[in-house]
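Please open the structure in your viewer and keep the selection tool ready, since each stop below begins with something to select. Read each stop slowly and look before moving on.

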Number of protein chains: 2
Amino acid sequence: MKQYDTEILSVGTELLLGHITNTDARDISEMLSKIGVNVRWHTVVGDNPERLAECVAIAKRRADVIITTGGLGPTCDDLTKQVLAESFGLKLTENAAEREGLYEYIRLGKRYTPNNLSQALLPEGCTVFHNRWGTAPGCAFEAEGKLVLMLPGPPNECVPMFREYAVPYLKKLSEEQIVSHAIRIFGIGESAVDDLFAQEMNAMANPSMAPYAKECDCLLQVTAKAGSEAEAEEMMAPVIRHVKERLGDYVYGMDVESIEEAVLPLLKERGLTFAAAESCTGGEIAKRITDIPGASAVFAGGCVTYTNEVKARLLGIDRELIETNGAVSEPVARLMAERVRALTGADLGVGVTGLAGPDGDGTHEVGTVFVSLAAEGRTWVRELHLGTFRTRSFIRRMAGNHAYDMLRRYLTGLPVCPQG
Amino acid sequence: MKQYDTEILSVGTELLLGHITNTDARDISEMLSKIGVNVRWHTVVGDNPERLAECVAIAKRRADVIITTGGLGPTCDDLTKQVLAESFGLKLTENAAEREGLYEYIRLGKRYTPNNLSQALLPEGCTVFHNRWGTAPGCAFEAEGKLVLMLPGPPNECVPMFREYAVPYLKKLSEEQIVSHAIRIFGIGESAVDDLFAQEMNAMANPSMAPYAKECDCLLQVTAKAGSEAEAEEMMAPVIRHVKERLGDYVYGMDVESIEEAVLPLLKERGLTFAAAESCTGGEIAKRITDIPGASAVFAGGCVTYTNEVKARLLGIDRELIETNGAVSEPVARLMAERVRALTGADLGVGVTGLAGPDGDGTHEVGTVFVSLAAEGRTWVRELHLGTFRTRSFIRRMAGNHAYDMLRRYLTGLPVCPQG
């Protein structure tokens, strides 16, 4: 199959000032890697026509597919469309349907700027990507043997537009189907996974397999190319089976974004709910599950008990017990999970107490965390030492991952604390 | 002053696969913009020596300063150092101090890989940036009229190293001092701020001023160049005063990252604490304040009451009252703030109930949110309609911003609900 070497060219001075993060490039890259398109370069350039033109010239030399994000809105004089059209010798012509849509938008009393209608100007002969999430349309055209796709910059427009229009558009280019699955792993690191499968991976071509590190877990990506999706799936099935057997209960899911995303359907299937009592994670566990639409079916709520006083007041944990054992202790973690379960009436309770740092408490090392899970009649506690050199955000996220891992193990009948 | 056109070149296939986000480029850009260094390009390339060498050649042609991130670790064969050294005709030589440090690391029983000691190989004559956050050292060198800085990729190493070594290193290059302040604004949008100051901004050169949008608020960046920091500050003082007067209580802080970061010291100074009862924000408010070290002095904790059942059980809100008014209502929001304040013994309570979507409840539009603040003897409630076309994460973040804005206004003696 022809390899489509792809460059993502993001236009926006705010990216270069560090005011916003280039999540568009990440999200587009992730979608492209799943359909087997090779992203070779990300480039960011400011709202400057000369420098943008130079970047386009470089992209034309090295890439087969150029995907731009940003610079399509009414306040930036449609910089990206003008420069790209000029570079490929195309005229910008007004698209009647898009112009109608923009009139409608203005009639609805939305903010009007003099440049608003210029958004209907598009390169002649292009395929229009209508923007249902904002005003600036995107488009695609082929010229000089290159494929160019233009998307607006705001992530809540760029990402759904790319998913809805650009992915099917690019998929049609390929005669072969590329299918990819991410096997998500928690409990062993990327380098250990690499060691485990290094020989096999080197010997594999199609399907292929590669490990990648995420912030607090890792994944093995398995990819196959074939004449049909079904064929590609068939080629991968034995590989995936083998990996799952080898890694056992370290595998928490496939093609999910996070461990909480794997836990949500497990709870739903079983008709169970959970609640959380959080000290050092301070709302991390609650926020992560409620980031997912539909969380209310499985998450009851919980308490953030950031001080000892509030541990006593909200959860009714005996002040003396806290004083004797310390807030960062096995008995306090145990009670937190049990009490939040009882108070909320949820089927399961999780509790977290620990030291996220940067300051210590004089007793424990930063990174000491107790994570607990309470079910009917039994409570488990994990004692973690996540490392004194880790950041506060790492420790909090990792503690959250352990809480979700304990839920996952409980729900799938695995030992909740395999190490003890 | 000489302009240092700067390129940030990030090396890592995982960035191109969308597995991780290029936060290094954002964070470095933000630090550089504050010292007046112009970042003109971000480039990302994979762990491939040929393509990296081509990117280095492009950067040498167009940039004065090249900053690389990533590709310094033991598992990537020190790709970045080798390619950069070769491109500038420099040898890699072993740094004795760094070699000692690596031996020490291995002696401490940390993971050893055969390539571990290769991290002590550095371009001849370079300035070494010792890595106290990990193992791979960074470095800087000047060659062929270009300045090259190399940093490791993991953000928890890259960012503190850049702050500690690279920023002072780059500051020394300039005879002029550049000082910049970000005036943070909540309650009116970037385009309105732009309209308000457009004429003045166009007429300004030094100091200069520009508005930028953040996810749920915006900022005005004021920058001055002068012979000394004090002089630059003096030049900016009247501009900042003028902006603050003009924008009034929309300004929530200067040089802070978020509205909660502005609220934390206000609470501390007054010796006050707050607690939060969260429904649709689901822990967002608690997580955001506890992301900041030292939050325990001002944040007591609170409840995530994601279901009506838990609103009744944890906060003691009458089930009938919820049924009559609906969970998304002014009276429920009011009681949430009052009850969490009473239950935790905090000085102030905030409450949030609303519809973050994507699904509606049949009664309210997605984006309908009630945010409340309870103090001794008085409670305020804001009713928000954040827009049906917004994402769940935007609505949750925006609701959180309103809660913190109400706290800020209360603490600084401003009207808590200026619109009603």
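In this predicted model, begin by selecting strand β10 (residues 208-213) of chain A together with β11(A), and you will see two strands that pair in the antiparallel sense over 6 bridges. Look next at the link between them, for β10(A) and β11(A) form a hairpin with 4 residues between them. To follow the pairing at the level of single residues, select Ser208(A), which stands opposite Thr223(A) in β11(A).

Keep β11(A) on screen and add strand β9 (residues 177-185) of chain A, which runs antiparallel to strand β11 (residues 218-226) of chain A and is joined to it by 9 bridges. Here the pair to pick out is Val179(A) and, opposite Val179(A) in β11(A), the residue Ala224(A).

Now widen the selection to the whole sheet. Which order do the 4 strands of this open sheet follow? The order is β10-β11-β9-β12 in chain A, and the pairing is antiparallel. At the edges lie β10 and β12 (251-254) of chain A, each of which pairs on one side only. If you turn the view, you can compare the directions of neighbouring strands in this sheet, which are turned by 25° against each other on average, direction ignored. While you look along a strand, remember that in a regular strand the side chains alternate between the two faces of the sheet.

Step back to chain A as a whole and colour it by domain: chain A is divided into domain 1 (5-171), domain 2 (177-254) and domain 3 (259-411). The C-alpha centres of domain 1 of chain A and domain 2 of chain A lie 33 Å apart, and 4 residues of domain 1 of chain A are in contact with 4 residues of domain 2 of chain A. On the side of domain 1 of chain A that touches domain 2 of chain A, the residues divide into 1 nonpolar, 2 polar and 1 charged.

Next, show both chains and select the place where they meet, where 63 residues of chain A are in contact with 61 residues of chain B. The side of chain A that touches chain B has, by class, 25 nonpolar, 24 polar and 14 charged residues. Within the pair of chains, select strand β2 (residues 38-45) of chain A and strand β2 (residues 38-45) of chain B, which pair in the antiparallel sense over 5 bridges; His42(A) stands opposite Val44(B) in β2(B).

How is chain A laid on chain B? A turn of 180° and a shift of 0.1 Å along the axis lay chain A on chain B with an RMSD of 0.2 Å, and that is the relation of a two-fold axis. The same surface serves both copies, as 95% of the contact residues of chain A recur in chain B.

Finish in chain B with helix α4 (residues 79-87), where the buried residues are Thr80(B), Lys81(B), Val83(B), Leu84(B), Ala85(B) and Ser87(B). To see what covers these buried residues of α4(B), show the elements of chain B around them, including β1 (5-11), α3 (49-62) and β3 (65-69). Then select Gly89(B), just after α4(B), which takes a positive phi of about 65°.

How values were computed:
Residues numbered from 1 in each chain as written. Chains lettered and ligands numbered in written order. Predicted model: local features only at pLDDT ≥ 70, side-chain atom pairs only at ≥ 80, totals over all residues. Pairing = 2+ DSSP bridges. Buried ≥ 20, exposed ≤ 12 C-beta atoms within 10 Å, placed from the backbone. Contact = placed C-beta atoms within 7 Å. Domains from an automatic or database assignment. Nonpolar A, V, L, I, M, F, W, Y, C, P; charged D, E, K, R; others polar. Least-squares fit on C-alpha atoms with pLDDT ≥ 70 in both. Axes fitted to C-alpha atoms, helices over the stretch in contact; angles between N-to-C directions.
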